[in-house]
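Reader: I've got a protein structure open on my screen and I'm a bit lost. Could you walk me through how to read it?

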Amino acid sequence: MAEKNKRPDWDEYFLNIAEEVGKRSTCLRRRYGAIIVKDKIIVSTGYNGAPRGEENCIDTGICERERLKVPKGERYELCLAGDSVIKLLDGTYRTIRELAETGKPFWTYAVDTKTGCIVPAQAENPRKTGVRNDLVRITFDNGKTLTCTADHKILLTDCTYKPAGDLQIQESVMPMYYNLSRNDDNEFFHGQIDFDNGRLLVHHRNDNKLDNEPSNLELITRGEHTLIHMTPERIESFVKSGAKGLGRRSVKILNSSEMRYRQYQGKVVKGIALLIGKMAEARDETEINLETYSVLQKKYRPVGGKCGTMETIPLLKTIFKWFDGDFERALKQARVFNHRVIKIERLDETMDVYDVTVPEYHNFPVDLGDNSCVFVSNCVAVHAEQNAIINGDPLRMNGATIYIVGINAADGSYASGEPCLLCRRMIKNAQIEKVICRNPAGEIVEVSLE
């Protein structure tokens, strides 16, 4: 009777909780649970499975690792070459290798695949994920390339993902465009960052219009925005330019006429690109020219609301208006609007590879060096300890203990709770001091991180 009433010690207590957390796992093979504890207080929890927004194996009934015959302990990470450049929200650019050397979170962009909109997103845990030899180099129709592992997922224009090695020639991937020579406000020709409600303006506190980190932005009225930017020097310059007075119309021209021009040109290009994409899906080989365009526009225009971020296919008169009657120039821009794959090469070399985690959206932009980006998926944080670390407060994890328990789904027996090499690296980077888990015999063991 006394044995039944025996209180578990702290290690057993927290391991029991980790086992309960593991019951939330979506893995078909093994259910892992992990909790991070400091001063006998739980900091965060995690279980293995697909990240938010991805399909769960338990729902599909398919284990991708078994389907692909991936050896145990290998290829948990989908990775990029170290010289891949990421565009940051503050207007700067860093290689993924440089970001991994700092290991710090950073703000970047992402695509909300539910809406098709480009949004600000915080990326976490930039890291070297290992050494791989199954790499591909993708060449796009602008001549730029992307190097990644063959299984790294690339975001397509319909907001679905496809492994890089499975891309087809002439297939379009999700782009982001920004023309710094004409666009000081960093307005994108593909998707808009929706910081306002249509009635307010976005003001950059540090006057750097390329720095779109949320802490640098505030919503203000048009009048407030005018008072901030209508300095005596600007007024003098405006008057010298020949403007008469500083009435509402003049201020509107000063602040937004060029912006409006760029915005509508971008919408026209996106709309023609939508037509090209729809014709490709329908295998319609009709040549697009001045004689055929109006018929094609009526045939393929979206019906019943918006189509992702592409609102409509423009009328011919709209193209003439915003491209000064130059239909061929608009068509040429639209043909390269969504980066199309023109070559995929398998590389016969081994190199260090890297990745990051974007918890909410699971994708981020890789810059191609021509004022445009393509979006790629982040690594799927399938391991319980990875998810626990991502969910935890970095300050509270310093000096903490992580408890890990794994259960084989087939028979309910214990699986080894020892973290893999990548997870060990993440645990050390998070400055967690101890790892305690159950071994296959169910015994409590402490795992060395050395």
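Author: We'll go from the whole chain down to single residues. Keep in mind that this is a predicted model.

Reader: Okay, let's start big. How many helices and strands are there in the chain?

Author: The chain has 13 helices and 22 strands. Of its 450 residues, 46% are buried. The chain exposes about 23600 Å², and carbon and sulfur atoms supply 49% of that.

Reader: And how do I tell whether contacts join residues far apart in sequence? What share of them does that here?

Author: You take contacts between residues at least 6 apart in sequence, then ask which of those join residues at least 24 apart. Here that share is 62%.

Reader: Now a helix. How far apart should the ends of α1 be, and what does the model show?

Author: Count 1.5 Å a residue. Helix α1 covers residues 10–22, which is 13 residues, so the expected span is 18 Å. The end C-alpha atoms are 18 Å apart, in agreement with that.

Reader: Which residues of α1 are buried?

Author: Phe 14, Leu 15, Ala 18, Val 21 and Gly 22. Look down the axis and you'll find these buried residues within an arc of 110°, so they line one face of the helix.

Reader: What do those buried residues pack against?

Author: Five strands: β1 (30–38), β2 (41–47), β19 (401–408), β21 (434–438) and β22 (444–447). Also have a look at the start of α1, where a side-chain oxygen of Asp 9 comes to within 3.3 Å of the backbone nitrogen of Asp 11.

Reader: Can I try the face idea on another helix? Which residues of α10 are buried?

Author: In α10 (residues 327–335), they are Phe 327, Ala 330, Leu 331 and Ala 334. These cover an arc of only 100° around the axis, which puts them on the same side of α10.

Reader: What about α11: how many of its residues are buried?

Author: That helix, residues 384–391, is mostly covered, with 7 of its 8 residues buried. Among them are Glu 385, Gln 386 and Asn 387, along with Ile 389 and Ile 390.

Reader: Let's do strands. How do β1 and β2 run relative to each other, parallel or antiparallel?

Author: Antiparallel, with 6 bridges joining them. Lys 38 has Ile 41 in β2 as its bridge partner. The two strands form a hairpin with 2 residues between them.

Reader: What should I look for in the turn?

Author: Check the phi angles. Most residues other than glycine have a negative phi. In this turn, Asp 39 has a positive phi of about 55°.

Reader: Where else can I find a positive phi?

Author: His 362 has one of about 65° although it isn't a glycine. You'll find His 362 in the loop between β16 (351–357) and β17 (363–367). Gln 431 has a positive phi too, of about 60°, and sits in the loop between α13 (421–429) and β21.

Reader: Are those two residues buried or partly exposed?

Author: Buried means under 20% relative accessible area. His 362 is at 6%, so it counts as buried. Gln 431 is at 46%, so it counts as partly exposed.

Reader: What does His 362 have to do with Asn 378?

Author: They're in contact: Asn 378 touches several residues, including Asp 355, Val 358, His 362 and Phe 364. Asn 378 lies in the loop between β18 (372–377) and α11, and at 1% relative accessibility it counts as buried. A polar atom of the Asn 378 side chain is 2.5 Å from the backbone nitrogen of Val 358.

Reader: Last one. Which side chain makes a polar contact with that of Lys 128?

Author: That of Asp 352, at 3.4 Å. Lys 128 is in strand β7 (residues 117–132), while Asp 352 is in strand β16. Along the chain they are 224 residues apart, yet their C-alpha atoms are separated by 7.2 Å. Lys 128 is partly exposed at 33% relative accessible area, and Asp 352 is partly exposed at 33% as well.

Reader: What else do they touch?

Author: Lys 128 also touches Tyr 354 and Arg 425, among others. For Asp 352, the list includes Leu 80, Gly 82 and Val 131.

Technical notes:
Residues are numbered from 1 along each chain as its sequence is written. This is a predicted model: local features need pLDDT of at least 70, side-chain atom pairs count only at pLDDT 80 or more; totals for chains, interfaces and linings use all residues. Side-chain values use heavy atoms; hydrogens and water are left out. Helices (H or I, at least four residues) and strands (E, at least two) are DSSP runs, numbered from the N terminus. The expected span of a helix is 1.5 Å times one less than its number of residues. Buried means under 20% relative accessible area, exposed over 50%, partly exposed in between (1.4 Å probe, protein chains only). The arc is that of the directions from the helix axis to the C-beta atoms. Contact means heavy atoms within 4.5 Å. A polar contact is a pair of N or O atoms within 3.5 Å; within protein, one must be able to donate a hydrogen and the other to accept it, and residues adjacent in sequence count only if both atoms are side-chain atoms. Accessible areas come from the Shrake-Rupley method with a 1.4 Å probe; for residues, only the protein chains shown count as cover. Two strands pair if DSSP finds at least two bridges between them. Lists of a residue's contacts leave out its neighbours within four places in sequence.
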